[in-house]
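Thanks for coming, everyone. I have one chain to walk you through this morning. Let me put it on the screen.

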Amino acid sequence: MPLMVAPIAMQKMYHPEGEYVTARAASAAGTIMTLSSLATSTLEEVASTGPGIRFFQLYVYKDRSVALQLVRRAERAGFKAIVLTVDTPKLGRREADIKNRFVLPPHLALENFEGLDLGKIDRTNDSGLASDIAGQFDRSLNWKENAQDVKWLQTITGLPILLKGVLTAEDARLSVQAGAAGIIVSNHGARQLDYAPATITALEEVVKAVQGRILVFLDGGVRRGTDVFKALALGASAVFVPCLEVTLRRWRLEKNQRSYPLNFSASYFPLLGVLKR
């Protein structure tokens, strides 16, 4: 099945069990969950929910020891790949967060950063996320340093590294040169940069640029099963979706109604096939 769960931050804000529920749902559906660095549950807690293939989303931090600790914990917890977000060296101006003075409720925390002096949010600022956590992102990130960061990650882990946030052919080719195992075409939910292209618009040129050398996935804009087919037709190996239950229901309904002769087994795309072995 070419559907995977995208990294979604702070899931306990909309369900008391948060990432636990998502992990169990993904496992029951036989697909992959990607845990956000900004989760309200720890890597270890999510792993304890039971069997399942899981990826861990990581930012590039000023302090590389933060990334090292998180990657080591992901490995120990059985996560199977690192999703490195490369489109957020500086958090975009999220006007909705500023208008709403977004903060985490006092009973919640960014659990993976506890003990690293990164888990507390400034509740007096317009947007605690922007003022505190984003302040830890490496603003000097560019392709020269980005390639070095990918190489550095490859020295500390044998896990596949997927680069999330690529939207152009130029960046796609650089991703290949950097040694990434795959690309996730993503515009960060269209919240990171004004007038960013839709992911489905960017997908085709990225696929053409990599020339089959690495895997390409789509993240964002998937609202129904036919959107999945469009992405696959344009060359995506699979898509990431934020709302697994609703998307799965629509996917199955439309697939059954149209009787598409497609087999989306666990070995459908190479990375998942490798991980299943």
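I'll start with the whole chain, then go through the strands, and finish with a few single residues.

First, a caution: this is a predicted model. Read every value I give as computed from that model.

The overall picture. The chain has 277 residues, and buried ones make up 51% of them. Its secondary structure comes to eleven helices and eight strands. About 12900 Å² of the chain is exposed, and carbon and sulfur atoms supply 51% of that area. Now contacts. Take those between residues at least 6 apart in sequence: 65% of them join residues at least 24 apart.

Next, the nonpolar cores. The largest has 64 residues. Which residues have the most contacts inside it? They are F56, L58, Y61, L84 and V185. Apart from that core lies another, of 13 residues, with I53, A81, L162 and L215 among them. Keep F56 and V185 in mind. Both come back.

Now the strands. Let's begin with β3, residues 54-58. Five of its five residues are buried. R54, F56 and L58 point one way, while F55 and Q57 point the other. As a rule, side chains in a regular strand alternate between the two faces of the sheet.

What does β3 pair with? On one count, strand β2, residues 33-35, in the parallel sense over three bridges. L35 has F56 as its bridge partner in β3. Strand β4, residues 81-85, also runs parallel to β3, and four bridges join the two. Here F56 turns up again, with I82 as its bridge partner in β4. From β3 the chain crosses through α3 to β4, and this β-α-β crossover is right-handed.

On to β6, residues 182-186. Why call this strand largely enclosed by the rest of the structure? Because five of its five residues are buried, and buried here means under 20% relative accessible area. G182, I184 and S186 point one way, I183 and V185 the other.

β6 also has parallel partners. Strand β5, residues 161-166, is joined to β6 by four bridges. Within that pairing, L162 has G182 as its bridge partner. Between β5 and β6 comes helix α7, residues 169-178, and the three make a right-handed β-α-β unit. Strand β7, residues 215-219, is joined to β6 by five bridges, again parallel. There, V185 stands opposite L218.

Stay with V185 for a moment. Leaving aside neighbours within four places in sequence, V185 is in contact with V166, L167, T199, A202, L203, V206, V216, F217, L218 and D219.

Follow L218 across, and you reach β8, residues 238-241. L218 stands opposite V239 in that strand. Three bridges join β7 to β8, which run parallel. Helix α9, residues 225-233, completes a right-handed β-α-β unit with β7 and β8. Both faces of β8 are covered: A238 and F240 on one side, V239 and V241 on the other, all buried. β8 also runs parallel to strand β1, residues 3-5, through three bridges. L3 in β1 stands opposite V239.

Last part: single residues. Take Q57, back in β3. Is Q57 buried or exposed? Its relative accessibility is 2%, so Q57 counts as buried. The Q57 side chain makes a polar contact with the side chain of T85, at 2.9 Å. Setting aside residues up to four places away in sequence, Q57 touches P7, T34, L35, S36, S37, V83 and T85.

Then T199, which sits in helix α8, residues 199-210. T199 counts as buried because its relative accessibility is 5%. Beyond four places in sequence, T199 is in contact with V185, S186, N187, L218, D219 and G220. So which residue of that list did we meet in the largest core? V185, one of those with the most contacts inside it.

Finally, R64, in helix α3, residues 64-76. R64 has a relative accessible area of 24%, so it is partly exposed. Its C-alpha atom is separated from that of W152 by 9.6 Å, and the two residues are 88 apart along the chain.

That's the tour. Questions, please.

Key. Residues are numbered from 1 along each chain as its sequence is written. This is a predicted model: local features need pLDDT of at least 70, side-chain atom pairs count only at pLDDT 80 or more; totals for chains, interfaces and linings use all residues. Side-chain values use heavy atoms; hydrogens and water are left out. Buried means under 20% relative accessible area, exposed over 50%, partly exposed in between (1.4 Å probe, protein chains only). A polar contact is a pair of N or O atoms within 3.5 Å; within protein, one must be able to donate a hydrogen and the other to accept it, and residues adjacent in sequence count only if both atoms are side-chain atoms. Contact means heavy atoms within 4.5 Å. A nonpolar core is a set of buried Ala, Val, Leu, Ile, Met, Phe, Trp, Tyr and Cys residues joined through side-chain atoms within 4.5 Å. Accessible areas come from the Shrake-Rupley method with a 1.4 Å probe; for residues, only the protein chains shown count as cover. Two strands pair if DSSP finds at least two bridges between them. A crossover is right-handed if, with the strands pointing away from the viewer, the path from the first strand over the helix to the second runs clockwise.
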